[in-house]
Amino acid sequence: MQDVAPEPEIRPHPTSGLDDTVHQRHRLGILTITAEAQRAEFGYLRETLGLTAGNLSRHLTVLEEAGMINVEKGYAGRRPRTWVRITPKGRAALAAELAALTELLRRHQ
Amino acid sequence: MSGEGNGAASGREPDDSGKTGQPEDPAGLLDEMRALRRRTRTARHAYWFPLVLFGLLTCLSAPFYVQWGNLSQAGATAGGGVPFAMLGGFPAITTQRYLGYFWLVALLGGLLLTLLWYRWNARRVGLQTPARGYIVTTAVLTVLAVVLPPLSQVSWLRFLSLLWPGDLVIRGTFPFVIIAVGLWVLAWAERSRALTVIAAVYTATALLAALYNVENVVFRLGWNPSGWQWRLTTLPNVLLPALVLLIAGTAAFAAQRHRAGAQA
């Protein structure tokens, strides 16, 4: 009877852990900021990330459609305010993305 | 990684990420996210306010700790029918009868002001700190401190008296322990190492004030009270925790102003 050599374990390349929705610098930045606070205001995100209002809106739409953030619109006095809150799915995606980037970095070193 | 090349919306977005010349490699991206996280965390820190507020409230409580009555009657009414004994200690031993009322109002009022402060700061900065855990924890502990003594008088609830050891409450400094527990929760919410250190130092001070007569240390340092000065000998137990909060709060405020100035 012939012994069958066990197949070598194939470890997926770290890039397979990168999520297209999250793997974009500004969207990653949005998730990083919102993960650090209970919620972040549109103006703070725009200023900190150096984005135009239109660009930030588009990134927020992508993340909201992916279920990674919730967007809450309200008023502070008469001023309209938009607050962004990360969801558990967004937190998990951020953690996975950072883990994949860290693993990628480790392989290259 | 292209700035706009990976997302579902990539085809529609003008590439404004390239303007800044930000790094594309994983190491650069990770460094960038770490810096962003640090900046966000620093920007939303607002804990100097509750530190200063509760430091001032502790100072305001000092007159209630002065022994205005006849010192020779000390201990005469220990424990019997004391209102809010967990907050106000045992009157005629070290504190005034109304100290419990003061701390009930001060703790709940201080929490309300802190809640309003965090809401105002969130609107001002654009980042909201999850301070609800701090508010709820401190409020629940305050309410428990009010209801536990009367409940433990009920015959079938006497076991509740185990939850309020007399040594911690007799000096009327148990509110400091409540404030200390709240600070640990706030340090977690603020993700602040500095506040964790402050909470540790304050907890040690609060426990010292609750379990030991700090005036003994002051006596050894050379204070030799005479006459009416004996009425003030309980104050070191109050002023030491107050001092810790006020110094820490002022330092945190100064550090925050400095960082805000550096970023601007």
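**Figure 1. In this predicted model, α4(B) passes α5(B) in a left-handed crossing.** Let us start with two neighbouring stretches of chain B. Helix α5 of chain B covers residues 132–151, and its axis lies 10 Å from that of α4(B), at an angle of about 165 degrees. Angles over 145 degrees count as roughly antiparallel, so α4(B) is roughly antiparallel to α5(B). To find the contact, look on α4(B) for L104(B), L107(B), L108(B), L111(B), T114(B) and L115(B). Their partners in α5(B) are I135(B), T138(B), A139(B), T142(B) and V146(B). Sorted by class, the residues of this contact are eight nonpolar and three polar, with no charged ones.

**Figure 2. Helix α4 of chain B runs from residue 99 to residue 125.** How many residues does this helix have, and how far does it reach? It has 27 residues, and the distance from its first C-alpha to its last is 37 Å. That is close to the 39 Å expected at 1.5 Å a residue. Try picking out its buried residues, which include L99(B), G100(B), F102(B), W103(B), A106(B) and L107(B). Further along the helix, G110(B), L111(B), T114(B), Y118(B), A122(B) and V125(B) are buried too. Just after the helix comes G126(B), and its phi is positive, near 95 degrees.

**Figure 3. Helix α2 of chain B packs against α4(B) in a right-handed crossing.** Helix α2 is made of residues 48–65, and its axis comes within 10 Å of the axis of α4(B). The two axes cross at roughly 165 degrees, which makes α2(B) roughly antiparallel to α4(B). Which residues of α2(B) take part in the contact? They are F49(B), P50(B), L53(B), F54(B), L57(B), S61(B) and F64(B). On the α4(B) side they meet L99(B), F102(B), W103(B), A106(B), G110(B), L113(B), T114(B) and W117(B). This contact has 12 nonpolar residues, three polar ones and no charged ones. You may recognise T114(B): it takes part in the contact with α2(B) and also in the one with α5(B).

**Figure 4. The contact between the chains takes 31 residues from chain A and 29 from chain B.** On the chain B side, at least two residues come from each of α1, α4 and β1 (127–128). Which of these elements supplies the largest share? It is α1(B), with 10 residues. By class, the side of chain B that touches chain A has 12 nonpolar, 10 polar and seven charged residues. As for the partner, chain A has four helices and three strands, arranged along the sequence as α-β-α-α-β-β-α. Of the 109 residues in chain A, 38% are buried.

**Figure 5. Helix α4 of chain A meets helix α1 of chain B in a left-handed crossing.** This view brings together residues 88–108 of chain A and residues 26–44 of chain B, whose helix axes come within 9 Å. The axes cross at roughly 140 degrees, and the two helices are therefore oblique to each other. From chain A, the contact takes L98(A), L101(A), T102(A), L104(A) and L105(A). From chain B, it takes P26(B), A27(B), L29(B), L30(B) and M33(B). Nine of the residues in this contact are nonpolar and one is polar, while none is charged.

**Figure 6. L30(B), in helix α1 of chain B, touches residues of chain A.** Leaving out residues up to four places away in sequence, its contacts are L98(A), L101(A), T102(A) and L105(A). Is L30(B) buried or partly exposed? L30(B) counts as partly exposed because it has 17 C-beta neighbours inside 10 Å, and a buried residue needs 20 or more. For a sense of scale, L243(B) is 213 residues from L30(B) in sequence and 41 Å from it in space, C-alpha to C-alpha.

**Figure 7. R191(B) sits in the loop between α7 and α8 of chain B.** The helices on either side of the loop are α7 (174–190) and α8 (193–211). Phi of R191(B) is near 50 degrees, a positive value in a residue other than glycine. R191(B) is partly exposed, with 17 other C-beta atoms within 10 Å.

Technical notes:
Residues numbered from 1 in each chain as written. Chains lettered and ligands numbered in written order. Predicted model: local features only at pLDDT ≥ 70, side-chain atom pairs only at ≥ 80, totals over all residues. Axes fitted to C-alpha atoms, helices over the stretch in contact; angles between N-to-C directions. Parallel < 35°, antiparallel > 145°, perpendicular 65-115°, else oblique. Left-handed = near helix turned anticlockwise from the far one by under 90°. Contact = placed C-beta atoms within 7 Å. Nonpolar A, V, L, I, M, F, W, Y, C, P; charged D, E, K, R; others polar. Buried ≥ 20, exposed ≤ 12 C-beta atoms within 10 Å, placed from the backbone. Expected span 1.5 Å × (residues − 1).
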